[in-house]
Amino acid sequence: MWGSEPLSQLRLAVKGMPHVSNASPTIKAAPGARPSPGDAVPWATLSTVMIGMFMAILDSFIVVVAGPAIQTELKATASELQWVLAGYQLSYAVVLITGGRLADLYGRRRIFVIGTAVFTLSSLACAVAGGPGVLIGARIVQGLGAALMVPQVFTVITLTVSAQSRHRVFGVLGVVMGMASVSGQVVGGLLIGADLFGSGWRSVFWVNIPIGVATILLALAHVPESRAERTRKLDVPGVLVLSAALLLLTYPLIQGRDAGWPWWTWACFAASAVAFALFAVLERAVDRRGGEPLIKPSLFAQRSFSLGIVLVLTVYALLTSYYLALSVSMQEGLGMSALGAGLVYAPAAVTFFVCGLVAGRLVPKYGRRVLETGAVVLSAGYLTTAVVLLSGPRLTPLLVIPTLMLQSVGGGLLITPLLNTVLARIDPQTAGMASGSLSTAQQVGAALGVAVVGAVFFHAFRTGAASGDRVHAAGHAFALTSLTACAIAALAALLVFLLPKAPPTKA
């Protein structure tokens, strides 16, 4: 359904693009796996891996709208529900860079297929879960599967599409990613409202199974196998230290707000900083010895990549947290159903889709100015929402739908070309580690956003709801959330203006 619509548009967007006949000479592909030379981009390959990306991102958002139904049926506590949402993001974030590196070693198609299989089987376990503990465990495994799938998407694009054409493909990937983020609420609401075969909230997991099986079959048929020829072995010390650092950072971000930010959350943050510093020392030492570090330090010497990582983290801090606040406002504040709350997002999802496609066509001509415009419009959209709600009217869907659409105009122009801007200068030999780092920034940003923006929203909503007027409390809380989001979007805009202006000169 939703997953197929952006992909059908992708066929139109990339039709006629030139095909790069060979991947980088440093890439070793299985015999017969590499696409044949021609004028067209290897569309069967790209659409297959993008389906995996769509599923992975969608499952970060689709469960938000299903949260109340899950809590009621499984009799889950607030903390258990939090882990249904957060367990996925935690395992996803911790394993992403390792997922990219494993693919460099053992083959991108192989790891993508394994990741999709893990994701699909764990979705089945989620769908039949009889209690919150089983559901949490299955979600953690589902995040592991997503972490094996997602880095391969960026790498496959980098290796199979010429630099001249890549901006259009990354543009469409940006649309797919943004649509997965924006439409997650809509898809979840529609599935729960339809209550197919009496499945209720379980349908948000059942839907992954046929799509996952089809993706595996398509990957085996159409995705070429490749690996980094010079990669020797996995940097195990780097994997362990980086995983510990990410765990120490993301766990308190996820749990801290509900726990009241006790001392151990701050101890984890301090230990995380030490672990990241140790990781940097280890990677430099491995690189100096001529080994294969998990992340090459030279990557961060590239201005577009180092700034881009922070920019991606900032942008994704907005998406998850803001849509979580809106979903709670619609369901708990206004008393809307999951379907009704999901449909509030529909106009914004369509707007994002259209603007994302337009951005892909504007970037070749106007370059960074497209991202700059998008960042400014996105900030203005959040500010407009706050001003409208603080000026007196009570929160209603019709009041926020126009401002959500304005946000989607900015988001479509910013997020769609962002990927190519960050990855355009990356050597194909380091594509796996670069894409894993980028995807990790997305998940850490999401956790950071939920911690910061979520703290603002839930404090204001709970304080206001204590007076008994939940509609007013939701409107006030969502207005404060919009102001916070505006400040974060303004930071993103500043980072955009610091990105290099000129495109890469080498193909």
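**A walk through a predicted helical model**

W261 lies in the loop between α9 (236-259) and α10, and in this predicted model the residue has a positive phi of about 55° although it is not a glycine. With a relative accessibility of 27%, W261 counts as partly exposed, because that category covers the range between the 20% limit for buried residues and the 50% limit for exposed ones. A second backbone feature of this kind is found at K75, another residue other than glycine, whose phi is positive and near 55°. K75 sits in the loop between α2 and α3 (78-106), and its relative accessibility of 71% places K75 in the exposed class.

The loop that holds K75 follows helix α2 (residues 43-74), and that helix contributes to two of the salt bridges described here. A search of the whole structure finds five salt bridges. In one of them D59 pairs with R139, the closest N and O atoms being 3.8 Å apart; D59 belongs to helix α2 and R139 to helix α5 (residues 132-160), so that this contact links distant parts of the chain, 80 residues apart. Both partners, D59 and R139, are buried. Another salt bridge joins E73 to R202, and here the closest N and O atoms are 2.9 Å apart. Because E73 lies in helix α2 while R202 lies in the loop between α6 (163-194) and α7 (203-206), the pair ties together parts that are 129 residues apart in sequence. The two ends of this bridge fall in separate accessibility classes, since E73 is partly exposed at 42% relative accessibility, whereas R202 is buried with a relative accessible area of 15%.

A further salt bridge is formed by the side chains of D469 and R394, which meet at 3.3 Å, N to O. D469 is placed in the loop between α16 and α17 (470-498) and R394 in the loop between α14 and α15 (397-423), so this pair ties together parts that are 75 residues apart in sequence. D469 counts as partly exposed at 30% relative accessibility, and R394 is likewise partly exposed, with a relative accessible area of 46%.

Which other positions bring together residues that are separated in sequence? S162, found in the loop between α5 and α6, is 121 residues from V41 in sequence, yet the two C-alpha atoms are 8.9 Å apart in space. S162 is buried, having a relative accessible area of 15%. G374, a residue of helix α14 (residues 368-390), gives another example, as G374 and A493 are 119 residues apart in sequence and 8.4 Å apart in space, C-alpha to C-alpha. The relative accessible area of G374 is 0%, and the residue is therefore buried.

Aromatic side chains provide another set of contacts, and the structure holds 13 aromatic pairs. Among them is the pair of F457 and F461, which is stacked, with 5.7 Å centre to centre and 10° between the planes. Because these two residues are four residues apart in helix α16 (residues 431-465), F457 and F461 are separated by about one helical turn. Both F457 and F461 are buried. Elsewhere, Y322, Y323, Y345, Y382 and F478 come together as one aromatic cluster.

Two surface patches complete the tour. One is nonpolar and consists of V350, V354, V358, L362 and Y366, which together have about 380 Å² of accessible area. L362, one of its members, is found in helix α13 (residues 346-366). At 31% relative accessibility L362 counts as partly exposed; this value also satisfies the condition for patch membership, because patches are made of residues with over 30% relative accessible area. The other patch is positive, and it is formed by K233, R284, R288 and R289. Of these residues, R289 is found in the loop between α10 (263-288) and α11 (303-333), and R289 counts as exposed because its relative accessibility is 63%. This part of the chain leads back towards the starting point of the description, since α10 also borders the loop in which W261 lies.

Note on methods. Residues are numbered from 1 along each chain as its sequence is written. This is a predicted model: local features need pLDDT of at least 70, side-chain atom pairs count only at pLDDT 80 or more; totals for chains, interfaces and linings use all residues. Side-chain values use heavy atoms; hydrogens and water are left out. Patches are made of residues with over 30% relative accessible area and no salt bridge: like charges are joined within 9 Å, nonpolar side chains (Val, Leu, Ile, Met, Phe, Trp, Tyr) within 5 Å. Accessible areas come from the Shrake-Rupley method with a 1.4 Å probe; for residues, only the protein chains shown count as cover. A salt bridge is a side-chain nitrogen of Lys or Arg within 4 Å of a carboxyl oxygen of Asp or Glu. Lys and Arg count as positive and Asp and Glu as negative; His and the chain ends are not counted. The place of a charge is taken as NZ of Lys, CZ of Arg, CG of Asp or CD of Glu. Buried means under 20% relative accessible area, exposed over 50%, partly exposed in between (1.4 Å probe, protein chains only). Rings of Phe, Tyr and Trp (its six-membered ring) pair if their centres lie within 6.5 Å; planes under 30 degrees apart count as stacked, over 60 as edge-to-face and the rest as tilted.
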